[in-house]
Amino acid sequence: MLVSEISRICILGAGTMGSAIALNFASKGFEVNLYDISDEALERGYSSIKNSLQVLIDNDLVKQDEIPGIMDRIKGCTTLEDASEEALFVIECAPEKLELKQKLFKDLEEYFPDDAIFASNTSSLSPTKIAALLFHKERFTASNFWNPAHLLPLVEIMPGEETSMETVLAARDLMVRIDKKPVVLTRETPGFLGNRLQFALLREALYLVDSGIATKEDVDAAVKYGIGRRLGDTGPLETADLGGTHVFSAICDSLFSDLCNSDEVSSSLTEAVKNGHLGYTTGKGIYEWTEEELAAVQRNRQRTLIDWLRRDKEREE
Ligand code: NAD
């Protein structure tokens, strides 16, 4: 199957990720069959799509007169038969439960042609295990969009043990067609790429706070006003080249033995969870937040992501 022939996508699950991914495809001209288990769940999905679309319009990333076309291209369905109609590529965004995903994909096979591609937006499950009940395991891959998927370009494509190269390349090429920035792993690994990097940094950040070397505010400031700004432009490996490989090699040599390599979750994080301090949902996590502060930090982060999208666009023009 040629990726250029795909004009309709099937998205399973109209929650946070499924609705944003549906918007991505519909705003790039694809028809979308958006499936969920009830009309109420679909309604929530549509309402989330409208909110995200408004953000894109307010920031000139989508034009007002494109709205009817985008919304018309998203067809809600509550049966797998309707969800499969004319679609050659599936992106599953159902809850993160292995048995549920396994069954869903198994049930799908009867509705799709043999060369249709099945992708899961799983953030932590093994693609090999999700595909375990499939007859055509070669057609299955993980394709992990980052949240918020209408504002972040990264999609991680990670094959399972039996995924064919054709499937991986088709998934990658499809993401390019909707202006995403896909990265491709050569084999399955826990955490994909992004979370391995993110959690390596989090482990060190928590260690620095737990051992009293710095306050949480200073750890966050070091990232926000230092490495974080550079990393948005040059990744860690490009940064090493710009700093000089000899310099970075010498720092690795003297620093690595001193970095945190604990395989236990930091005590401040486990304590927070034990005490019900879950972050934004409870108003307290590692920090204490008022509702206004939380709203402001989320607004500011959204603005920054939009600025990045604009910058990406300018660089490509
Ligand atoms: P969500 O809870 O917001 O949405 C899940 C949707 O799936 C709901 O609308 C629910 O009604 C629907 N659903 C329930 N049972 C279903 C079934 N049998 N078939 C199809 N749909 C069903 O979840 P989410 O945050 O959108 O996450 C979806 C997937 O994306 C998960 O695998 C998750 O790990 C992954 N993911 C989430 C994020 C994130 O930050 N939220 C980021 C990357 C990946």
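**Exercise 1. Polar contacts of the ligand**

How far is an oxygen atom of the ligand from an N or O atom in the side chain of Ser123? Find this distance in the predicted model, then describe the surroundings of the ligand.

Solution.

Step 1. The distance between the ligand oxygen and the N or O atom of the Ser123 side chain is 2.7 Å. The cut-off for a polar contact is 3.5 Å, and the pair at Ser123 is therefore counted as one.

Step 2. Apply the test to Asp36 and Gly15. For Asp36, a side-chain N or O atom is 2.6 Å from an oxygen atom of the ligand. For Gly15, the atom concerned is a backbone N or O, which lies 3.4 Å from a ligand oxygen.

Step 3. Turn to area. On its own the ligand has 840 Å² of accessible area, and the protein covers 75% of this.

Step 4. Assign the shell to elements. Two or more residues each come from α1 (16-27), α5 (98-108) and β6 (140-145). The greatest contribution is that of α5, with three residues.

Step 5. List the neighbours and their classes. There are 22 residues around the ligand, and those that come nearest are Met17, Asp36, Glu96, Lys101 and Ser123. By class, the shell holds 11 nonpolar, eight polar and three charged residues.

**Exercise 2. The nonpolar cores**

Which residues have the most contacts inside the largest nonpolar core? Follow one of them to its partners.

Solution.

Step 1. The largest nonpolar core contains 45 residues, and Phe25 and Phe145 have the most contacts inside it.

Step 2. Take Phe145 and set aside its neighbours within four places in sequence. The partners of Phe145 are then Met17, Ile21, Phe25, Ile91, Asn121, Leu154, Val155, Met175, Ile178 and Lys180.

Step 3. Check for another core. A second core, separate from the largest, has 20 residues, among them Ala87, Leu104, Phe112 and Phe140.

Step 4. Place this in context. Nonpolar side chains tend to be buried together in soluble globular proteins.

**Exercise 3. Asn144 in strand β6**

Is Asn144 buried or exposed? Give its element and its contacts as well.

Solution.

Step 1. Asn144 belongs to strand β6.

Step 2. The relative accessibility of Asn144 is 6%, so Asn144 is classed as buried; the cut-off for this class is under 20%.

Step 3. Leave out residues up to four places away in sequence. Asn144 then touches Ser120, Asn121, Thr122, Ser123, Leu154, Val155, Glu156 and Phe192. One of these, Ser123, also has a side-chain N or O atom 2.7 Å from a ligand oxygen.

**Exercise 4. Backbone exceptions**

Which peptide bond is cis, with omega near 0°? Then locate two residues with positive phi.

Solution.

Step 1. The cis bond runs from Asn147 to Pro148. Pro148 sits in the loop between β6 and β7 (154-159).

Step 2. Asp60 is not a glycine, yet its phi is positive, at about 60°. The loop between α2 (39-58) and α3 (67-72) holds Asp60. Because its relative accessible area is 65%, Asp60 is exposed.

Step 3. Asp179 likewise has a positive phi, near 65°. This residue is in the loop between α7 and β8 (181-184). With 49% relative accessibility, Asp179 is partly exposed.

Step 4. Compare with the general pattern. Most residues other than glycine have a negative phi, and most peptide bonds are trans.

**Exercise 5. Sequence separation and distance in space**

How many Å separate the C-alpha atoms of Leu201 and Cys260? Treat two further pairs in the same manner.

Solution.

Step 1. Leu201 and Cys260 are 59 residues apart along the chain, and their C-alpha atoms are separated by 9.8 Å. Leu201 is in helix α8 (residues 194-210). At 41% relative accessible area, Leu201 is partly exposed.

Step 2. Glu166 and Tyr207 are 41 residues apart, with 42 Å between their C-alpha atoms. Glu166 is part of helix α7 (residues 165-177). Its 54% relative accessibility makes Glu166 exposed.

Step 3. Val184 and Val155 are 29 residues apart, and their C-alpha atoms are separated by 8.6 Å. Val184 is in strand β8 and, at 40% relative accessibility, is partly exposed.

Step 4. Finish with the contacts of Val184. Beyond residues up to four places away in sequence, Val184 touches Ile157, Val168 and Arg172.

Methods
Residues are numbered from 1 along each chain as its sequence is written. This is a predicted model: local features need pLDDT of at least 70, side-chain atom pairs count only at pLDDT 80 or more; totals for chains, interfaces and linings use all residues. Side-chain values use heavy atoms; hydrogens and water are left out. A residue is near a molecule or strand if one of its heavy atoms lies within 4 Å of it. A polar contact is a pair of N or O atoms within 3.5 Å; within protein, one must be able to donate a hydrogen and the other to accept it, and residues adjacent in sequence count only if both atoms are side-chain atoms. Accessible areas come from the Shrake-Rupley method with a 1.4 Å probe; for residues, only the protein chains shown count as cover. Helices (H or I, at least four residues) and strands (E, at least two) are DSSP runs, numbered from the N terminus. Ala, Val, Leu, Ile, Met, Phe, Trp, Tyr, Cys and Pro count as nonpolar, Asp, Glu, Lys and Arg as charged, and the others, Gly among them, as polar. A nonpolar core is a set of buried Ala, Val, Leu, Ile, Met, Phe, Trp, Tyr and Cys residues joined through side-chain atoms within 4.5 Å. Buried means under 20% relative accessible area, exposed over 50%, partly exposed in between (1.4 Å probe, protein chains only). Contact means heavy atoms within 4.5 Å.
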